[in-house]
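Colleague: Before I take any of this to the bench, could you go through the labels used for this model and tell me what each one rests on?

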Amino acid sequence: MPRFADRHIGPDADAVATMLDVIGVESLSELAEKALPAGILDALTTEGLAPGLDDLPAPATEEQALAELRERAESNTVAVSMIGQGYFDTLTPAVLRRNILENPAWYTAYTPYQPEISQGRLEALLNFQTMVEDLTGLEVANASMLDEATAAAEAMTLMQRAVKRSVNRLAVDSDVYPQTAAVIETRAKPLGIEVVTTDLRNGLPEGDFFGVIVQSPGASGCVTDWSGLIEQAHERGALVAVGADLLAMTLLTPPGDIGADVAFGTTQRFGVPMGFGGPHAGYLAVHTKHARQLPGRLVGVSVDADGSPAYRLALQTREQHIRRDKATSNICTAQVLLAVMAAMYASYHGSDGLTAIAHRVHGHALGIATGLETAGVEVVHDAFFDTVLARVPGRGEQVRAAAKERGINVWLVDADHVSVSCDEATTALHVEHVLEAFGATRGGQHWRGPAVHTRSSEFLTHPAFTRYRTETEMMRYLRSLSDKDIALDRSMIPLGSCTMKLNAAAEMEPITWPEFARQHPFAPASDTPGLRSMIAELETWLTKLTGYDSVSLQPNAGSQGEYAGLLAIQAYHLSRGDEQRNICLIPSSAHGTNAASAALAGMRVVVVACRENGDVDLDDLRAKIAEHADAIAALMITYPSTHGVFEQDVEAICAAVHDVGGQVYVDGANLNALVGLARPGKFGGDVSHLNLHKTFCIPHGGGGPGVGPVAVRSHLTPFLPGHPLAGELSDTYTVSAAPYGSASILPITWMYIRMMGAPGLRAATLTAIASANYVARRLDEYYPVLYTGEKGMVAHECILDLRGITKNTGVTVDDVAKRLADYGFHAPTMSFPVAGTLMVEPTESESLNEVNAFCEAMIAIRAEIDQVGSGTWPVDDNPLRGAPHTAESLLVEEWTHPYTRQQAAYPLGKAYRAKVWPPVRRIDSAYGDRNLVCSCPPVEAFA
Ligand SMILES: *Cc1c(COP(=O)(O)O)cnc(C)c1O
């Protein structure tokens, strides 16, 4: 049996030799020497390994690695979790676990930038939005936020944008979750927002506020009628955001029904395991009038070329990739896979099913409260949903320990208070054991407090939530949706800058093990030694691979890693009394998140120009450095660049910034071109974020989850993120709700590194570079490659320039991207980072056969373009402009186009590759933005 690396890496030795031949080099090392600047390339040790990587363990097989991880899992304790605080145990329906979470058709897809071949997940996300809208009583919800705490922070900035008054004060209720308060505090500070935290049940304090944030139910379990506060806030010109628990919202009056402007929260308890903190889909919902202020992804309904309804991402111009430092938010990768899970959980249970679960959960809480009160234990709040707060003067620790003896984790609020949260997994026996821990037994039948079932509005009435209530129907619905999409299980996805590599089944297996999945992020450390040792090991490996000294796994996307890294830089400057350092230099080619993150960190963005060859313009950089000198906080540079090239001058660029006391942020999203060859922590970076969902095999999930660890050199270590509820972390600032972010998917990266080992990782990088250079060589004569390094090589991706072609023939990048779907391929990255171009990244996982098939498609498309250019086909009626072609569009009585139906659907014949039938034709995006619809359309629309 060959090594895992041979199964992860597509091209074998013969295939690599073929590629090297076309590239015109003798060996992979010669290729590396020609592509990378000599100064940064790591010299190999005597064992032939990259320095720093030599102490990584030797590669393990799938079975060995799984057995090692299994051992760690078994040292964890899966306790009954009644901790609450924003994380609740849930019973994931097996049909959803198997058909979504464990199904590559769902988890290997990318963000739906090519909507014509993403209709399945777009429909699922529209269901998610509709679910959130219905349960919160608001009109527009996005899909999705990274977690509840960051959703609260986004609610804050959204309200400040929306009030359109220059006020900088925000009122926050003291009963929001501690992690929510911490992230709000972190985000507020650099933006100059003053947070006033107080008990808002007494009304709004004196003074002017732009916004108010409360939670329903509160962290203490208290259910409060916030309608009076909302009225008061509105009278004073402030907006109100309510953190709403969606299960509770089946019973309580939802925020929209009492006039709230914004709702935020998490959908975790809708079938997504706690996973030691994540990933889960957070949500954010608003009234229609604030729709354009919503951050992140928003799915909307539009029409295709034949007038049929079709889904696509709406209002893209708000986003960081267009608006950069003026964007509504830096969010890019969201939590799509988990949003799909939550939406399908709601479909499977329906309105009555969810309500029944809520009644059961509430019933258990009532059982605990009555039992406690009968035994003379004080229950603090009269009105609660699932969480009972008990006052036990001086006995808190004793109660906690007694519950632990019975296998139950409760939440020790302080020495005198314990709170107990019920959830879908709570049983009558758990209730009895909890009561025993308090020295109580089941008590009276009726609770003296008010009934909390006050909701009168209907919800989840759309057929999406009534049709799929049996397992057969749900299984087929999920299959029919995923059949509409191109994910990695059907084709290579050559999206430049996204690194769509293999997500191996053995890497995915551990994430659903209950020892990892069913852990509360605030469980006692003694429950999770296995998880903690896996995390510590992964942190060590990542520091070795990057040449940095320490790493934080807290950020749950690349954008969040950028933000954390910039905060660390800022804190470092402040610690040295350099308060004036506020400028962030960013090359014009940078990813939009860079500028958006700098703006969020309160920095001023100064753009550095690029030269004709795509490299950073050193003269402009030097001029900007001279101009701003001691005001420079940082330079953010992506390496290799977003132009897909290893810039020669990277060391000089870093040095120039260091010379004036600035810090260098190396955006590590392109680390797939560096692992085992060069280390950013050694060639000039002070801090980098990595994208584990690019380089390190965490699947993209259709647009999330992600993990964006931030790695730093030792002088920045004290400024890494901390967490209010994780004693082992510092008390600096907090960027995610959970201490270790999306901890439950870290086993994927652990498995990858463990199975590849140092030699496998280096081979992967070299093969990725070889494959990109091979594509560049093969396609250059058809589509000129825009940028190469000094010796004619690209890095791990290449930009194909179509601007000349478009000018000469009228055929656009859009036409080529959509036409690729007819050939059965997902398009490359379109118009990023250069408008009018396609960026191709094949990755090491694609076999030479697949890469060749892609090249053949591109070459055949070029021949089609030439037929347009020569006038054989008119610009507005040819297979490119007509793409993609649905089966329906071809099965017509009268065919009126100048190309044949065979040319449309089988341009390279039937033997070429498996046919993909796009479910819709070219989608009109502008129409959808003009007629914004962001919830499930009535079924008649599809008639
Ligand atoms: C993907 C990417 C990011 C953003 O990462 P997310 O996880 O989507 O937030 C930032 N910079 C570059 C260069 C990237 O390619």
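Modeller: What follows takes the labels in turn, beginning with the ligand, and please keep in mind throughout that this is a predicted model.

Colleague: What makes the pair formed by the ligand and Asp 667 a polar contact?

Modeller: The term asks for a pair of N or O atoms within 3.5 Å, and a nitrogen atom of the ligand is 2.7 Å from an N or O atom in the side chain of Asp 667, so the pair meets the cut-off. By that rule His 693 also qualifies, because an N or O atom in its side chain is 2.6 Å from an oxygen atom of the ligand. At Ser 559 the partner is a polar backbone atom, which is 2.8 Å from an oxygen atom of the ligand. Taken alone the ligand exposes 380 Å², and the protein buries 99% of that.

Colleague: How do you know which pocket the ligand sits in?

Modeller: A molecule is assigned to a pocket if more than half of its atoms lie within 2 Å of the grid points of that pocket, and by this test the ligand sits in the largest pocket. Around the ligand there are 15 residues, of which Thr 333, Ser 497, Asp 667, His 693 and Lys 694 come nearest. The shell divides into 3 nonpolar, 9 polar and 3 charged residues, and its largest share, 3 residues, comes from helix 19 (residues 558-575).

Colleague: Why is the pair of Arg 169 and Glu 194 called a salt bridge?

Modeller: The rule requires a side-chain nitrogen of Lys or Arg within 4 Å of a carboxyl oxygen of Asp or Glu, and because the closest N and O atoms of Arg 169 and Glu 194 are 3.6 Å apart, the pair passes. Since Arg 169 belongs to strand 3 (residues 169-173) and Glu 194 to strand 4 (residues 194-198), the pair ties together parts that are 25 residues apart in sequence. Counted by this rule, the model has 47 salt bridges.

Colleague: What makes the backbone at Phe 276 worth a remark?

Modeller: Most residues other than glycine have a negative phi, and most peptide bonds are trans. Phe 276 is not a glycine, yet has a positive phi of about 60°, and is placed in the loop between strand 7 (262-266) and strand 8 (282-286).

Colleague: Which peptide bond that ends at Pro 640 is cis, and where does Pro 640 lie?

Modeller: The cis bond joins Tyr 639 and Pro 640, with omega about -15°, and Pro 640 lies in the loop between strand 19 (632-638) and helix 22 (650-659).

How values were computed: Residues numbered from 1 in each chain as written. Predicted model: local features only at pLDDT ≥ 70, side-chain atom pairs only at ≥ 80, totals over all residues. Heavy atoms only, no water. Near = heavy atom within 4 Å. Polar contact = N/O pair within 3.5 Å; in protein donor to acceptor, adjacent residues only side chain to side chain. Areas by Shrake-Rupley, 256 points an atom, 1.4 Å probe, with all protein chains shown as cover. 1 Å grid on protein atoms, 1.4 Å probe; cavity = no way out; pocket = protein on both sides within 12 Å on 5 of 7 lines; lining within 4 Å. Helix = DSSP H or I, 4+ residues; strand = E, 2+ residues; numbered from the N terminus. Nonpolar A, V, L, I, M, F, W, Y, C, P; charged D, E, K, R; others polar.
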